[in-house]
Amino acid sequence: MKVYTKTGDKGTTSLFGGARVPKHHLRIESYGTIDELNSYIGLIRDQDINPFYKTILMEIQDRLFTVGAIMATPPEKEVLKNGQQRLNINRISEKDVNLLEVQIDAMDAELPPMTHFVLPGGHSTVSYCHITRCVCRRAERLATHLNEEEPIDEAVLTYLNRLSDYLFVLARKLSHDLNAEEIKWIPRKEEI
């Protein structure tokens, strides 16, 4: 199979089910941002971090491929003419969301309580994690926008919301593990 098909040379691409849409279509923006998110998670996984985190991040990457496939399938094309689901894959489940929640709680239990917002940074690995969190939040915003126009699986929305929380806590945990300074954001007071 060749990498290039030439079918997108005029600015359109096909969704699962065959429908062609402009490459700037909200559905394409949505799953394209999921792809970007997945790539940034790979960047975190490539850092010198605890192998356990790498295992969890690989699981998340797998689930994000599922999210992308769900988003690449318009609602009217989800079921084939024979009644079978077009996507013959495990969907995002409560188990997937629960994994993130368990990991969030476990990491949070090892961290000092948060009393202020923290400035992103302190170590390049931590910064990669914060960038990834921001991409995740953008992916979530696009997914909720798409959901208003064409409903998508609600589990996807829940998963993306929890994933941004996971990435925030992972950034804090990596700061802790790497002995990076976590700088609190203290709002400036107006001088009188």
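# Notebook: confidence, salt bridges and a surface patch

I began with confidence, and among the elements of the protein chain I found the lowest mean pLDDT, 62, in strand β2 (residues 20-22) and the highest, 98, in helix α3 (residues 94-109). The model is a predicted one, and I noted for the chain a mean pLDDT of 89, with 88% of its residues at 70 or more. Where pLDDT is low, the predicted coordinates should not be read in detail, and I kept this in mind for the entries that follow.

**Overall layout.** I then looked up the secondary structure, which comes to five helices and two strands, and reading along the sequence I wrote down the pattern β-β-α-α-α-α-α. The protein chain has 192 residues, of which 39% count as buried.

**A residue in helix α1.** I picked out Ile 44, which is found in helix α1 (residues 26-45) and is buried, its relative accessible area being 0%. I also looked up its distance to Val 126, and although these two residues are 82 apart along the chain, their C-alpha atoms are separated by 8.6 Å.

**Salt bridges.** How many salt bridges does a search of the whole structure find? I recorded nine, and I went through some of them in turn.

Arg 27 forms one of these with Glu 150, and the closest N and O atoms are 2.5 Å apart. I noted that this pair links distant parts of the chain, since Arg 27 sits in helix α1 and Glu 150 in the loop between α4 and α5, 123 residues apart. Arg 27 counts as buried at 0% relative accessibility, whereas Glu 150 counts as partly exposed at 24%.

I next found a salt bridge between the side chains of Glu 101 and Arg 162, at 2.7 Å from N to O. Here too the pair links distant parts of the chain, with Glu 101 in helix α3 and Arg 162 in helix α5, 61 residues apart. Glu 101 is partly exposed, with a relative accessible area of 29%.

The side chains of Arg 63 and Asp 62 also meet in a salt bridge, at 3.2 Å from N to O, and I saw that Asp 62, Arg 63 and Asp 96 are linked in a network of salt bridges. Arg 63 is buried at 7% relative accessible area, while Asp 62 is partly exposed at 41%.

**A nonpolar patch and an aromatic pair.** Which residues form a nonpolar patch on the surface? I listed Met 114, Phe 117, Leu 119, Ile 183 and Trp 185, which together have about 500 Å² of accessible area.

I found one aromatic pair in the structure, and it is a tilted one made by Phe 117 and Trp 185, with 6.3 Å from centre to centre and 55 degrees between the planes. Phe 117 lies in the loop between α3 and α4 (124-149) and Trp 185 in the segment after α5, so the pair ties together parts that are 68 residues apart in sequence. Phe 117 is exposed, with a relative accessible area of 59%, and Trp 185 is partly exposed, at 42%.

**Cysteines.** Why is there no disulfide at Cys 134? I looked up the closest cysteine sulfur, that of Cys 136, and because it is 9.8 Å from the sulfur of Cys 134, it is too far for a bond. The count of disulfides therefore comes to zero, with 2.5 Å as the cut-off for a pair of cysteine sulfur atoms. Cys 134 counts as partly exposed at 41% relative accessibility, whereas Cys 136 counts as buried at 0%.

Key
Residues numbered from 1 in each chain as written. Predicted model: local features only at pLDDT ≥ 70, side-chain atom pairs only at ≥ 80, totals over all residues. Heavy atoms only, no water. Buried < 20%, exposed > 50% of the residue type's maximum accessible area, 1.4 Å probe, protein only. Patch = residues over 30% accessible without salt bridge, like charges linked within 9 Å, V, L, I, M, F, W, Y side chains within 5 Å. Areas by Shrake-Rupley, 256 points an atom, 1.4 Å probe, with all protein chains shown as cover. Salt bridge = Lys/Arg side-chain N within 4 Å of Asp/Glu carboxyl O. pLDDT = per-residue confidence, 0-100. Helix = DSSP H or I, 4+ residues; strand = E, 2+ residues; numbered from the N terminus. Phe/Tyr/Trp six-rings, centres within 6.5 Å; stacked < 30°, edge-to-face > 60°.
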